[in-house]
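Please take a moment to look over the sequence and the model shown here. The paragraphs that follow lead from a group of rings to a helix, and then to single residues.

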Amino acid sequence: MASYTTIADWQDVEDGYVVDVTIRQTEHKKNPGGWDYSLHLGEVGGETILRYDNAHERTKGHERHTQADVEIIAFPGMLALYDRFKRETEEMSPVSWDWPE
């Protein structure tokens, strides 16, 4: 059984919005890129506004979910994707998030 090393696993709720971040390194065969992640921005108890994940990496690849669409994206690396998520989250929500280092 492949192991996972948790890099980040946190949630923050502000003014009716939630950010939920899970990033793990792995050698599991379902994640050939070496990462298992979900980067989520949504409304509390409601809709997804933005989510990046690789839940179906072997069959679909890396995905970017919005309220209107799901698109397959090229994986730029975990740090670059996390930075992109932070930037887009700041643009898409009225909350100024306190991002952990």
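A useful place to begin is the one aromatic cluster formed by Trp10, Tyr52, Tyr82, Phe85 and Trp99. Here rings of Phe, Tyr and Trp (its six-membered ring) are taken to pair if their centres lie within 6.5 Å, and a pair counts as stacked when the planes are under 30 degrees apart, as edge-to-face when they are over 60 degrees apart, and as tilted for the rest. Before going further, it should be said that this is a predicted model, in which local features need pLDDT of at least 70 and side-chain atom pairs count only at pLDDT 80 or more, while totals for chains, interfaces and linings use all residues. Residues are numbered from 1 along each chain as its sequence is written, and side-chain values use heavy atoms, with hydrogens and water left out.

How confident is the predictor in the protein chain? On the pLDDT scale, which gives the predictor's confidence in each residue from 0 to 100, the protein chain averages 94, and 98% of the residues score at least 70. Confidence is lowest in E1, at a mean of 95, and highest in E4, at 98; these labels belong to DSSP runs numbered from the N terminus, with helices (H or I) of at least four residues and strands (E) of at least two.

Helix H1 covers residues 78-92, and its 15 residues reach 21 Å from the first C-alpha to the last, close to the 21 Å expected at 1.5 Å a residue, where the expected span is 1.5 Å times one less than the number of residues. Within H1, the residues Met78, Leu81, Tyr82, Phe85, Glu88 and Thr89 are buried. They lie on the same side of H1, because they cover an arc of only 130° around the axis, the arc being that of the directions from the helix axis to the C-beta atoms. An α-helix has 3.6 residues a turn, so residues three or four places apart point the same way. On the other side of H1, Leu79 and Glu91 are exposed. In these descriptions buried means under 20% relative accessible area, exposed over 50%, and partly exposed in between, with a 1.4 Å probe and protein chains only.

What do the buried residues of H1 pack against? They pack against strand E1 (4-14), strand E2 (17-26), strand E3 (35-43), strand E4 (48-53), strand E5 (62-66) and strand E6 (70-73), with contact meaning heavy atoms within 4.5 Å.

The rings can now be followed pair by pair, and by the rule given above the count comes to 5 aromatic pairs. The rings of Tyr37 and Phe75 have their centres 5.8 Å apart and their planes at 20°, so this pair is stacked. Since Tyr37 lies in strand E3 and Phe75 in the loop between E6 and H1, the pair ties together parts that are 38 residues apart in sequence. Tyr37 is buried, with a relative accessible area of 3%, whereas Phe75, at 26% relative accessibility, counts as partly exposed. Tyr52 and Phe85, by contrast, form an edge-to-face pair, with 6.4 Å centre to centre and 85° between the planes. This pair links distant parts of the chain, with Tyr52 in strand E4 and Phe85 in helix H1, 33 residues apart. Tyr52 counts as buried at 0% relative accessibility, and Phe85 counts as buried at 0% as well.

Phe85 also appears among the contacts of His40, a residue of strand E3 that is buried, with a relative accessible area of 17%. Not counting residues up to four places away in sequence, His40 touches Val18, Val19, Asp20, Thr48, Leu50, Arg51 and Phe85. The C-alpha atoms of His40 and Asp98 are separated by 15 Å, with their positions 58 residues apart along the chain. Asp98 is found in the segment after H1 and counts as exposed at 65% relative accessibility.

Is Ile72, in strand E6, buried or exposed? At 52% relative accessibility, Ile72 counts as exposed, and it touches Lys60, His62 and Glu63, not counting residues up to four places away in sequence.
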